[in-house]
Amino acid sequence: MSDPKYWGPTVLITGAPKSGKKSFARLLTAAPYDTYSRNVDTNIGKKKVRMNIIYAGPETMGMWLNTEVEVCLVLLDLTDENGLKVIPDIIKGTRDILNSNIKTYLIGNKFDDVQNRKISEADARSFAQEHNMA
């Protein structure tokens with residue numbers, strides 16, 4: 001969009017299968033999320049912002065090959081003990097396919113399921129630092 005008062009990033013939500021990508025997209029958009037891409041209008045201060053929210057697993061990443069994605073949210077299922085093992089391939093694929101300089105953030109999902117948590121906050125933070133994630 002050419003109007004600087006109405007601009008925002010394209011945000012990719014990705015992660016391993018069953019990590020909660022679709023549910024997280026629903027949370028961000030506050031609406032049923034039955035497509036892979038949706039624009040979300042919001043206000044940040046007095047500035048109106050439109051974000052394009054995309055969710056894709058490793059198997060559908062190629063759909064976004066020509067999309068200018070500025071931010072990547074990688075969901076980590078904290079109840080899956082193998083969660084940290086698959087994330088490096090997802091990060092590499094995202095950076096290889098979309099943008100090697102993409103801002104990548106690790107999001108611990110299912111944090112409220114304390115009894116079934118397999119990955120500690122400390123391990124997730126350490127992993128994020130090792131992989132240049134915020």
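**Exercise 1.** Asn 132 has its place in the segment after α3; state what value its phi takes and whether the residue is buried or exposed.

*Solution.* The model is a predicted one, in which local features need pLDDT of at least 70 and side-chain atom pairs count only at pLDDT 80 or more, while totals for chains, interfaces and linings use all residues. Residues are numbered from 1 along each chain as its sequence is written, and side-chain values use heavy atoms, with hydrogens and water left out.

Step 1: the name α3 follows the numbering of helices and strands from the N terminus, where helices (H or I, at least four residues) and strands (E, at least two) are DSSP runs. Step 2: phi of Asn 132 is near 55°, which is a positive value in a residue other than glycine. Step 3: as background, most residues other than glycine have a negative phi. Step 4: the relative accessibility of Asn 132 is 65%, and the residue counts as exposed (buried is under 20% relative accessible area, exposed over 50%, and partly exposed in between, with a 1.4 Å probe and protein chains only).

**Exercise 2.** Describe the backbone angle, the location and the exposure of Lys 18.

*Solution.* Step 1: Lys 18 is not a glycine, yet its phi is positive, at about 70°. Step 2: Lys 18 sits in the loop between β1 (10-15) and α1 (21-29). Step 3: with a relative accessible area of 74%, Lys 18 is exposed.

**Exercise 3.** How many salt bridges does the structure hold, and where do the partners of each lie?

*Solution.* Step 1: the criterion is a side-chain nitrogen of Lys or Arg within 4 Å of a carboxyl oxygen of Asp or Glu, and the structure holds 3 such salt bridges.

Step 2: one of them joins Lys 110 to Asp 77, with the closest N and O atoms 3.2 Å apart. Because Lys 110 lies in the loop between β5 (103-109) and α3 (121-130), whereas Asp 77 belongs to strand β4 (residues 71-77), this pair ties together parts that are 33 residues apart in sequence. Lys 110 is partly exposed, at 29% relative accessible area, whereas Asp 77 counts as buried, at 11%.

Step 3: Asp 96 forms a salt bridge with Lys 92, for which the closest N and O atoms are 2.5 Å apart. Both residues lie in helix α2 (residues 83-97), at a separation of 4 residues, or about one turn of the helix. Asp 96 is exposed, with a relative accessible area of 54%.

Step 4: the side chains of Arg 125 and Glu 121 meet in a salt bridge at 2.9 Å, N to O, and both residues belong to helix α3, 4 residues apart, which is about one turn of the helix. Arg 125 counts as exposed at 54% relative accessibility, and Glu 121 is partly exposed at 43%.

**Exercise 4.** Which residues line the largest pocket, and which element gives the most to its lining?

*Solution.* Step 1: on a 1 Å grid over the protein atoms alone, a pocket is an open set of points with protein on both sides within 12 Å along at least five of seven lines, a cavity is a set of points where a 1.4 Å probe fits but cannot get out, and lining residues have an atom within 4 Å of a point.

Step 2: the largest pocket is lined by Leu 78, Leu 106, Gly 108, Phe 111, Arg 117, Ile 119, Ser 120, Glu 121, Ala 124, Arg 125, Ala 128 and Ala 134. The elements that give two or more residues to this lining are β5 and α3, and α3 gives the most, with 4 residues.

Step 3: about 220 Å³ of space lies in the largest pocket, the volume being the space filled by probe spheres set on grid points that are joined across faces, edges and corners.

Step 4: among the lining residues, Arg 117 lies over the face of Phe 111, at 4.2 Å from the ring centre (the rule asks for NZ of Lys or CZ of Arg within 6 Å of the ring centre and within 35 degrees of the ring normal).

**Exercise 5.** What volume does the largest cavity have, and which residues line it?

*Solution.* Step 1: the structure holds 1 cavity of 30 Å³ or more, and about 40 Å³ of space lies in the largest cavity. Step 2: its lining consists of Ala 16, Pro 17, Ser 19, Leu 75, Leu 76, Asp 77, Asp 80, Gly 83, Val 86 and Ile 87, and the elements that give two or more residues to it are β4 and α2.
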